[in-house]
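This report walks through a ligand site and a strand pairing. Start with the model itself.

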Amino acid sequence: MRKHFLALGLLLCGFWGAGCHHRGGDQSADQKDSLRAEYAPLADSVKEELRFAWNNYVRYAWGHDALRPLSRTPYDWYAHSLLMTPVDAFDTMWLMGLTAEADSAKQLVLDSLRVDYHMSVSQFEVTIRLLGGLLSAYELDGDKGFLRLATDLGNRLIKAFRSPTGMPYRFVNLATGAVSGKRSNPAEIGTMLLEYGTLTQLTGDSSYYKTAKKAVVTLFKHRSPRTGLVGSGINVETGQWEQTESSISGGIDSYYEYLLKAWKLFGDEDCKRMWDSSLVAVNRYLSDTVGGTLWYGHRQMDTGTVLQPLYGALDAFFAGALAMSGDTIRARSLQASNDKMWRLAGLEPELLNYRTMHIENGYYALRPENLESCYYLYHYTKDTLYLNMGRNFFESLVRYCRTAHGYAAIKDVRNMLPDDLMESFFLAETLKYAYLLFASEKTLDFNQVIFNTEAHPLRIR
Ligand code: DMJ
C-alpha cells in the first residue's frame, strides 16, 4: 500500500483534468469547444451562487452541519455537528477553483471534525455525505488528514453491518458501535459499495468492500423470484420484506444506482449482472407510458400490480442512470418527463401523480437529481437541448430559492414559499452538476471518475 500512496501523490494532478495549479474551473482555457464557451458565463454564475451559499454558511452556521437561511441560524442533525456542509461542499469549491473557500473548509474539517461522538447516526447519510466527501477530498487534495478521518469513520460505520443477515442496521453509535433500526430499505442497505470500495483501494483492507458487497448480494437474493423487483422495507435481522411497494423512488433509488456504478468504478462483474437483471425488471414492471410520455411508477413487488402512478424529484436520477448504462433512447425520453415535471410549476415537486399531473407533495428540497441527469444526458448525447434545459433549471433555482442569506428549500412549488433550510447536498450536488454541465470539460475528466450518490467524484483505478 505504501507504494500505492506514493503513486497516488504523483498522479493526483493529472487525473482531475484541470491540473493542480488551476484547481479546476478555468473555462476560458477551453478554446476548442466554442459551444461550451458560450455557456462559460453561466458556469461563472453558478460559481458565484456557490460562493454566495458558502459565505452565508460561514457567516451564520460556521462549524455546524447546515444553514437555516431565513432565521440565519445553524442546523445540526445530531447533538454534535459532523460538519456536513463543509465536507459536502469542499470538492465542489475545489473543482470550481474557489481556492480560499476550499482551504477554509479544509482547515475546519481537519481541525475540528470528530467522528467518535457518543451518538447514534444514520449510517446511510453519514456514508454518502461524510465518508464519500472525505474520500473524494483526499483523492483531489492529497492531504492524508482526509484519509485518516475517512478510515476512522469507516471503521466506526462498518459496525452497522453486524446483523444476522449481514445487511446493515439503519443507525450506529459512533463511539460504541451500538446499532438500531432493523427495519431498513434497499437504499440504506445498498448505497455503500462505492465508498467502502474506495476505502478498500486506498487502505488495502479488503474487508470494507467485502462487507458492503455481502449486504448488497443478500438484498439482491431477496428480490421477488417472480418479478425480480425489490420492495421498500426489509427487516435486516430476518430478511423478511415488511413493505412490498416497489419503485425507483427514495428508499430504493441509490441501491440501483450503486449496482451500475460499482461495475463502472471497480469493474465488478457481479454488480453488472445484478444491475442488468434489475434493469430488465424495472423496465418491465415499473415503466409506464402515458400519452407517449415515459414515467416509472409504484407497483407491488411480487405481482407487478399497479399501486400508484407516482413519480418525483428523487426519481429523476434514473434518466442519468439509463444514459450511463447505454440506453440513450429511454434516457432521453425520461429526461423529457423530468423537464415536464419541472416546468409544471416552475420548480419540480417532491411527488407528482403523472396520470392526472396533480402535485401530491409540492415540497422542493433543493434536490439535484434533475440537473444531475441533465448533465449525464448532455455528456452522452452532446445535444444542446440539455444545456438549455439545465439553464432553465438553474435560472429557476435563482428566481425562487435564493434568499437574502442563502438558498432555501420551497414549502410548496404551487406557492413558492421558502422553507428555512439549505441542505448540504445543494452545495455538494445541485450546484456541482450545474457547474459541470456549463463549464469546460477540462474541469474534470468525466472518464476518470464515478460520482457517489452525493456527487463526490471517486477516481477510477
Ligand atoms: C442526497 O443526499 C443523495 O443524492 C441521495 O441519494 C438522495 N437524496 C439527496 C438528494 O436529493
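An oxygen atom of the ligand is 2.8 Å from an N or O atom in the side chain of E369. Keep in mind that this is a predicted model. Two further side chains, those of R367 and T453, also offer a polar atom to a ligand oxygen. The table lists these distances.

| Residue | Ligand atom | Distance |
|---|---|---|
| E369 | oxygen | 2.8 Å |
| R367 | oxygen | 2.8 Å |
| T453 | oxygen | 2.7 Å |

How much of the ligand's accessible area does the protein cover? On its own, the ligand has 290 Å² of accessible area, and the protein covers 92% of that.

**The site**

The ligand sits in the largest pocket. Two elements each give two or more residues to the shell around the ligand: α5 (123-141) and α16 (424-438). The residues around the ligand include I128, R129, F425 and E429. L314, P368 and E454 are also among them. So are R367, E369 and T453. By type, the shell holds 5 charged residues, 4 nonpolar ones and 1 polar one.

**A hairpin**

Now turn to a pair of strands. Strand β15 covers residues 351-353, and strand β16 covers residues 358-361. The two run antiparallel, joined by 3 bridges. Which residue in β16 stands opposite N353? The partner is H358. Together, β15 and β16 form a hairpin, with 4 residues between them. One residue in the turn is M357, which has a positive phi of about 60 degrees.

Notes: Residues numbered from 1 in each chain as written. Predicted model: local features only at pLDDT ≥ 70, side-chain atom pairs only at ≥ 80, totals over all residues. Heavy atoms only, no water. Near = heavy atom within 4 Å. Polar contact = N/O pair within 3.5 Å; in protein donor to acceptor, adjacent residues only side chain to side chain. Areas by Shrake-Rupley, 256 points an atom, 1.4 Å probe, with all protein chains shown as cover. 1 Å grid on protein atoms, 1.4 Å probe; cavity = no way out; pocket = protein on both sides within 12 Å on 5 of 7 lines; lining within 4 Å. Sits in = over half its atoms within 2 Å of the grid points. Nonpolar A, V, L, I, M, F, W, Y, C, P; charged D, E, K, R; others polar. Pairing = 2+ DSSP bridges.
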